[in-house]
2 protein chains.
Amino acid sequence: MALPEEDGYRLWLRHARLPAASLASIGDTFDEVVVAAPGLELASGELAEGLAGLLGRRPALREGTPGRNGVWLATRAQAEAVASFVSAAELAALGEEGFLLRRVRRDGGSLTLIVAAREVGVLYGVYELLRRLSVATITENDVVSVPRVKLRMLDHWDNLDGSVERGYAGSSLWDWHKLPHYVDPRYTDYARANASLGINAVALTNVNANALVLSAQYLAKVRALADVFRPYGIRVFLTARFSAPVELGGLPTADPLEPQVRAFWRDKAREIHDFVPDFGGFVVKANSEGQPGPQDYGRTHADGANLLAEALAPYGGHVLWRAFVYSNEVPEDRAKQAYDEFYPLDGAFRDNVVVQVKNGPIDFQPREPHHPLFGAMPETPLALEFQLTQEYLGCATHLVYLGTLFEECLKTDTFARGRGSEVFRVVDGSLHRRELSAMAAVSNVGSDRNWCGHPFAAANWYAYGRLTWNPERTAEELAEEWLAQTFTSDPRFVNAAKTIMLESREACVNYMTPLGLVHLMAWDHHYGPGPWISEGRRDWTSVYFHRAHADGIGFDRSEGGSDAVSQYFSPLKERYGSLETCPERFLLFFHHVSWDRRLANGRTLWDELCHRYSDGVRAVEGFRARWDALRDFVDSARFRHVAALLAVHEREARWWRDACLLYFQTFSQQPFPAELEPPRGTLSEYRAIRHYFVPGI
Amino acid sequence: MALPEEDGYRLWLRHARLPAASLASIGDTFDEVVVAAPGLELASGELAEGLAGLLGRRPALREGTPGRNGVWLATRAQAEAVASFVSAAELAALGEEGFLLRRVRRDGGSLTLIVAAREVGVLYGVYELLRRLSVATITENDVVSVPRVKLRMLDHWDNLDGSVERGYAGSSLWDWHKLPHYVDPRYTDYARANASLGINAVALTNVNANALVLSAQYLAKVRALADVFRPYGIRVFLTARFSAPVELGGLPTADPLEPQVRAFWRDKAREIHDFVPDFGGFVVKANSEGQPGPQDYGRTHADGANLLAEALAPYGGHVLWRAFVYSNEVPEDRAKQAYDEFYPLDGAFRDNVVVQVKNGPIDFQPREPHHPLFGAMPETPLALEFQLTQEYLGCATHLVYLGTLFEECLKTDTFARGRGSEVFRVVDGSLHRRELSAMAAVSNVGSDRNWCGHPFAAANWYAYGRLTWNPERTAEELAEEWLAQTFTSDPRFVNAAKTIMLESREACVNYMTPLGLVHLMAWDHHYGPGPWISEGRRDWTSVYFHRAHADGIGFDRSEGGSDAVSQYFSPLKERYGSLETCPERFLLFFHHVSWDRRLANGRTLWDELCHRYSDGVRAVEGFRARWDALRDFVDSARFRHVAALLAVHEREARWWRDACLLYFQTFSQQPFPAELEPPRGTLSEYRAIRHYFVPGI
């Protein structure tokens, strides 16, 4: 019997009817939702709506004290009412955003309490309860959950013209033309989705910024969005174009030390707060890829960040200053540049500045080592920035679950303070005992009906969001949760589909950039392979990064090379710096290696490269077969959508493999291993492929 | 009790449950759908699905002969089986696309027959039956319906980069990047919507064309869409860039008389038909607004059109050659140019060429007189081209029902062969006894969930589509039908909402361009008023068109002026040409009139202009009030969407009125009539308004 068609709009918040066995065990446990006092309309409404879906009947909703069953929602304003179940100390420990979800058996019934300081915490608890019900019947009786990261951000690279830089899911959600007058109900659903994960901050606009968004005309539009997001605990950030004092203010300079520039930003901050009283602050990309910045005036990044931070300080706002900078002069090693620029500035930033650092030192590649700044700036809060939109991971059409990438990065030990100095401890502030902490990710959300384009891409939004709340969660847990809520909690489905997700990123690494290669994509649009790219700015070419020659391949970043390894703490710098101890996954990132060198499994580098590329393709073939076997668990619209994209994915994985290997073969001058399928086309054919109007640029 | 929220996606095909009284009177009449033979799966499936919604139960579906009740579907292949109900002569009279819908009472039951030559005709009959059920219970027992126009086209101005020129409903429906591999189910719903109206041809791409769509890479994508549309009786057209032989073919010229150019198009037509065997043909904008064309080589429009027609002829394809041309030299009167260029070419076109003429001689203004070419080219099939997307009628935010504009144009008597030579008789070919006939409209469809952006904009798609089938339908009937299917058939709702629709276009004329004014919009994006626009190409300025001076306002097109009136047949040329007899709705289109001239109602021109502008604003105020009174009939999402946009509409109507009147006052030097609300701002304030990133450019 066919399942009803779905279009993905409801994401992981489908709240589909639970299986009969679960319903039987739940009984009338959740037949009533009781709020301890007014002011919990949003949380109780969300709960009632979700339960109505899960249980197939709408719970009663009332104010007061509950009977033996039901869910009781309360904030600290009702601490006395719930005192017999929740102590004052417990309540205090929740902070401003945490919640307590407690099940109490009494009189043969089962009362569920959700208590938090404010409604937003109760709302987080409501989503937690609904999630646990969706994934499996609740087993734990007590959940105390407090977010580990303070600013849990989603950053849109949305332009005011409605396009999305590196967006592969349609155009911008924000209809600037009709705002503030028409407020699309979809904005509310967007806020719900974020809040259900714990995301509490969104930057609306592209880091390649347009100053216009800071004008009164646009601030009125921003206000309309902020008003929608506020009840969901979400604060709005904007990208600040550093030259706005010139472009908007008519000043002759944007020099951060000029009094009139400081006055411009002070006035602008006040104006913004008049529109959006809980304005979050600015995200800034300065002196990078042509964006204006303080260095245009001979000032430092700290001067620039502090200028904005000073303006925002009276209102509690923050500056997220991106460390992804590289100057117009091509550096000897781009991997080193952010560290070289920011490391000396540790301690120079105002206390409402966060330096935002990409997960790796290059640029959101399928795999990079962690960014060496993590752990290296103990006096500065560092935000970890991931990219959900798949700029370098197959754009619109590849199924790549990034949970494993996130986990790999977060759980890497930086050794900044010896063993146990994992990236997540830097980011959540625990390593250096910092109050302020932040995570950010470039959104993959657009106007597509299913939000993220590829039906599996929403898993990356999900996994990222959940990690901002608790960066120690595993990719596997999050994949299971997402699958169960998005499709079905049937373990036959979840266990099989999970393997596709968990293997998908490694497959992508293999068919694109195995063994530590990076930055082999086509020029400009970044869609498809372009290992031969050699024209234009040197550190934007592929040949700059792979350095393939007759003698071997790879970028020597060892002590004898660019010495980028020295930016890492011991023992990583030694481990990465030696060809003997460098993990193979980073081999060609740190070393230039001869084609004939034997790797751990006994194969030569060339043969292993061929095998890795082929492994990537074979993995995607396997995904297709595994997905086909799951037909009965998924409605046909979503099933066919995924199946069609997996067919594209397989074709494109092979394109990557064949194009890259044929190209590298011109240097290795060695045959393909006989046991592998040879490339299907010729190098000149692959080089001649042209794609037009690739999305996202 | 609140109605369930709707998002407009289902358009007029909601097939919402009928009221109880209707259901009672229908009884078990439609409990069975019987196909006379295989090959009617689409039609019978659509019928079963629609009836399931209307009746709340799914009819049985089987093959064979029906019992006393049910719906029986048959094509002429089953002529014998249905011979006792439908004669051979009746069947023959239906042609290839018509249908017969016949209700036969027998054995106390009621059998409904839908018979047509081919499945697509049956499908049209199915939609007719569902429409009649949705709007009101069927009363007629016999409907014979044959389309009056052969090519019933919807023209998209969609670019290959996903943008839509003059699109106000999101981006293009066509996801060129993922085509042909991923075929969005939405393409099928789009085809259904068109087929339900009788539209049988769509041009996928912008008339400002990119030759790339004619490359094999894109033709594979076009094929995927054509394959979706084919079962719905829809043929695909493409826009042909005249310079494609140079751009794609590498030829040194696109001269239509060059043998190699002819060979290019012949080969290209063959190639296209290899991809799309039922390819419809080309829509061409040539030598207009910078587009290449035959005049670049000293050839005529006929030379250009015939070049393409020759290439398409072996495959039954057509060329829709647009008459909207104006050269790079500014003409003395742009209104005259299309006529001047095309009138001499009558008879020079191959018989598979249609010359496509906009409804008026300027450019889709709120009101224009009909285009003088209608009736003037008896040897040439003329397609009438409307614009559904509201480039000049408020863009994204104005509720303007165009049914009245369509009807006004179609029912205008051209007097080409004396009285009774209405535009619709020119267009349907009956006036000059032509087989080939065509109507076209620029689509207002985009990626917005509700397809057309403004919830009422879909009414324009609907009304246009229905008029292509029968151009004598009235705007009022079509408004009623659309409202009943889109919202509710409750007459209290339909009768009230209908008045908004029927008055809306006149309101727009009044607050934008009353009394025959045209082309007063802001430069470039065409959003909002810009009567002061005077820079750049003269015939793109507002001052060129309104010619306001101290002595009066209006463009003298009388015999003593540009003599554009002489392009019309008598008695229109005399009627329009005389200040005494010219209808006031066209007054300033044909005449330059002094500010003090008394009009029919005794007011001076200046006072009347003020009154008309004010009438427009008051009308929109009235729409808001009337809509607010309809709250109980509409689900809250759509109700609020319309209400929010009506608030914008009112604000913008006032903006138009105030800006235009203040500007014209600088010439009239007269006060505003005391009885009218004075403008709220100053002229310099209105002139200083800047809008950024207006959609659709």
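1. Domains of chain A. In this predicted model, the domain assignment divides chain A into domain 1 (20-145), domain 2 (151-474) and domain 3 (510-555 + 592-687). Domain 3 is thus given as two segments, 510-555 and 592-687.

2. Domain 2 against domain 3. The centres of domain 2 of chain A and domain 3 of chain A, taken over C-alpha atoms, lie 31 Å apart. To their contact, domain 2 of chain A gives 30 residues and domain 3 of chain A gives 28 residues. About 2,200 Å² is buried between these two domains, with carbon and sulfur atoms accounting for 61% of it.

3. Polar character of that domain contact. How many salt bridges are found across the interface of domain 2 of chain A and domain 3 of chain A? The count is zero salt bridges. Ten residue pairs are nevertheless in polar contact there, both residues of each pair being at pLDDT 80 or more. On the side of domain 2 of chain A that touches domain 3 of chain A, the residues divide into twelve nonpolar, nine polar and nine charged. Charged residues are therefore present on that side, while the salt bridge count across the interface stays at zero, the criterion being a side-chain nitrogen of Lys or Arg within 4 Å of a carboxyl oxygen of Asp or Glu.

4. Chain A against chain B. Between the chains, 28 residues of chain A are in contact with 28 residues of chain B. The buried area is about 2,500 Å², and 65% of it comes from carbon and sulfur atoms.

5. Specific pairs between the chains. Two salt bridges are counted between chain A and chain B. One of them joins R449(A) to D7(B), with 3.8 Å between the closest N and O atoms. The interface also has eight residue pairs in polar contact, with both residues at pLDDT 80 or more.

6. What chain A brings to the interface. Two elements of chain A, α6 (216-229) and α20 (636-668), each give two or more residues to the side that touches chain B. The largest share, five residues, comes from α20(A). By class, this side of chain A has 13 nonpolar, eight polar and seven charged residues.

7. Relation of the two copies. Chain A superposes on chain B by a rotation of 180° with 0.0 Å of shift along the axis, at an RMSD of 0.0 Å. The copies are thus related as by a two-fold rotation axis. Of the interface residues of chain A, 100% are also interface residues in chain B, so the two copies meet through the same surface.

Definitions and conventions. Residues are numbered from 1 along each chain as its sequence is written. Chains are lettered from A and ligands numbered from 1 in the order in which they are written. This is a predicted model: local features need pLDDT of at least 70, side-chain atom pairs count only at pLDDT 80 or more; totals for chains, interfaces and linings use all residues. Side-chain values use heavy atoms; hydrogens and water are left out. Contact means heavy atoms within 4.5 Å. Buried area is the accessible area (1.4 Å probe) that two parts lose on being put together, summed over both. A polar contact is a pair of N or O atoms within 3.5 Å; within protein, one must be able to donate a hydrogen and the other to accept it, and residues adjacent in sequence count only if both atoms are side-chain atoms. Helices (H or I, at least four residues) and strands (E, at least two) are DSSP runs, numbered from the N terminus. Ala, Val, Leu, Ile, Met, Phe, Trp, Tyr, Cys and Pro count as nonpolar, Asp, Glu, Lys and Arg as charged, and the others, Gly among them, as polar. Copies are superposed by least squares on the C-alpha atoms of residues with pLDDT of at least 70 in both. Domain bounds come from an automatic or database domain assignment.
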